[in-house]
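Good morning, colleagues. May I ask you to turn to the structure on the screen.

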Amino acid sequence: MLGIFKFISIVFIMFTFWEKTYNVASGQIKLRIDYDKTYTSYDLDFDIISLGKLKYGYEDDDALTFYPNSFSLGFDDPDRRNYDILKLSLGEYNNNFPEGFLQYGGITLWLNNVIKFRGYIDQLTFEFNEDNRTVEFECIDVTRALRDMSVENVFPNDYSYTLPYLVYLIYKKVFPDLEPLIYSSPSFPNGLYFKHDWKFTGYRTLSDFIIRDWSNVSDAAQTYFNFSSFGLFGDSRPADTFADLLKLMALQFGMVIGSSDYNKVYMAKRFSFTSSNLTNVDSKLIGSYKKYLHLPALVGARNKNTWGNEIRTYTAGDVQTVNANGDLKYKNLVKEFQTYIGSYGNLSNGGTSIYTANGYAVFNGVRDPSLSFDGHIAETICQWVYRTRIRPKDKIECALEGIDYNLFDSYEITNSGNPTLPFKPMPIEAYIIDSSSNLTGIEL
């Protein structure tokens with residue numbers, strides 16, 4: 001009688017890491033690479049030969065929306081082993097899922113004992129150069145995974161929540177240690193930095209109302225939105241991934257939303273007429289700057305706001321149509337977009353998804369101090385999109401000493417007595433090794 005034997009192969013995963021510290025112009029940096037050495041007997045052993053620019057930025061020049069941070073890395077590989085070690089780790093099946101990226105090719109960069117970057121190797125940039133026996137690749141911030149995560153309902157029920165809490169829940173998916181704390185200081189340690197100034201008036205009756213002023217962080221944490229009523233979740237959701245959802249939230253609330261460093265998320269107002277609170281960088285300039293016309297002027301903006309199974313259209317400027325369907329006469333001269341925040345009408349006839357407290361509903365009681373205008377958020381955003389594009393906008397490029405620049409701040413070059421150049425950065429390229437930065441900005 002023949003026996004039947006079943007052989008089971010058991011593979012023990014061996015996670016390990018390489019780590020080294022260097023002193024550079026910006027201070028002390030420490031770099032760590034996490035990898036799996038299940039299928040090799042060798043350990044990573046190398047010296048860094050290049051640590052490229054740490055890049056922060058946005059995906060488009062006008063909307064200033066979500067973009068993952070990145071930097072390039074190169075090291076020596078005289079025995080041709082380091083490339084193969086990482087290739088075997090990156091080739092692991094479990095590395096195909098976002099939750100495995102940090103174990104099979106994770107990159108962590110500390111600057112002066114603070115995590116400056118945490119991400120993983122971009123496999124499509126991973127290469128070995130035989131001529132000088134070096135390995136080079138791009139490192140992508142962990143927030144990149146938000147592009148691959150389909151939007152799901154992050155709330156336990158249909159109650160109303162604050163905007164900072166929604167943003168916190170999204171980033172918590174890639175920053176497991178993110179704290180649910182909101183700060184008004186840009187030097188915040190771990191959590192969310194919030195900078196905005198809208199005022200919301202919520203009424204119970206005409207004589208009974210509560211105002212929330214977003215220039216106070218505590219008020220932003222007490223302004224509630226029924227996000228489920230926006231249609232953000234489900235099969236017909238307007239944003240397919242969490243990265244898309246962040247873009248939509250940034251547009252709807254007139255903000256820039258992003259991550260400056262690991263466990264640090266910023267939410268800052270995007271629009272303003274004033275040139276106050278600008279950081280002058282004249283003394284930091286390296287060489288000369290460049291500017292050139294980048295965004296042409298527009299004649300109008302149109303916002304199609306969808307809420308409550310209805311579409312309400314708001315316009316600003318000269319928006320001409322050619323038929324009853326609302327087709328634009330000059331499509332290239334009008335900025336069109338969609339929002340989903342619900343509020344319309346007044347106390348006697350209307351609907352809303354915004355509250356300053358339980359029972360205190362916000363209809364057209366949203367005020368932007370810069371506009372001196374009370375209305376709906378959909379109206380306010382439409383006004384801002386138009387007013388910021390009625391004049392052409394320059395792109396400014398400059399190199400600066402140091403690396404302490406933020407995407408949520410605005411800067412100026414006084415131009416030696418000529419008209420000041422105020423701008424908001426789009427990408428910032430920080431060179432940690434020699435402590436310098438390249439800023440590319442859009443004129444305010």
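I shall speak about two sheets, then a helix, and finally a pocket. Please bear in mind throughout that this is a predicted model.

I begin with an open sheet of four strands, whose order is 11-12-17-16 and whose pairing is mixed. Its edges are formed by strand 11, residues 182-183, and strand 16, residues 255-259, each of which pairs on one side only. At one of these edges, strand 11 pairs with strand 12, residues 191-195, in the parallel sense, and two bridges link them. If you wish to locate this pairing on the screen, look for Ile-182, which stands opposite Leu-192 in strand 12.

The second sheet is also described as open; it has three strands, in the order 21-20-22, again with mixed pairing. Here the edge strands are strand 21, residues 310-317, and strand 22, residues 334-339, each pairing on one side only. On average, neighbouring strands in this sheet are turned by 15° against each other, direction ignored. Strand 20, residues 300-307, runs parallel to strand 22, and six bridges join the two. Within that pair, Asn-305 stands opposite Thr-339 of strand 22.

Which helix packs on this sheet? It is helix 6, residues 377-387, which touches strand 20, strand 21 and strand 22. The direction of helix 6 makes about 35° with that of strand 21.

One residue of helix 6 deserves a moment, namely Gln-383. Is Gln-383 buried or exposed? Its relative accessibility is 19%, and because the cut-off for buried is under 20%, Gln-383 counts as buried. Setting aside neighbours within four places in sequence, Gln-383 is in contact with Thr-315, Ala-316 and Leu-371.

I turn now to the largest pocket, which holds about 510 Å³ of space. Its lining comprises 23 residues, and those nearest the centre are Lys-116, Asp-261, Ile-403, Asp-404 and Asn-406. Two elements give two or more residues to this lining: strand 7, residues 114-121, and strand 17, residues 264-269. Which of the elements gives the most? That is strand 7, with three residues. Strand 17, for its part, also belongs to the four-stranded sheet with which I began.

As to the character of the lining, 12 residues are nonpolar, seven are polar and four are charged.

That concludes my remarks, and I thank you for your attention.

Methods
Residues numbered from 1 in each chain as written. Predicted model: local features only at pLDDT ≥ 70, side-chain atom pairs only at ≥ 80, totals over all residues. Heavy atoms only, no water. 1 Å grid on protein atoms, 1.4 Å probe; cavity = no way out; pocket = protein on both sides within 12 Å on 5 of 7 lines; lining within 4 Å. Points joined across faces, edges and corners; volume = space filled by probe spheres on them. Nonpolar A, V, L, I, M, F, W, Y, C, P; charged D, E, K, R; others polar. Pairing = 2+ DSSP bridges. Axes fitted to C-alpha atoms, helices over the stretch in contact; angles between N-to-C directions. Contact = heavy atoms within 4.5 Å. Buried < 20%, exposed > 50% of the residue type's maximum accessible area, 1.4 Å probe, protein only.
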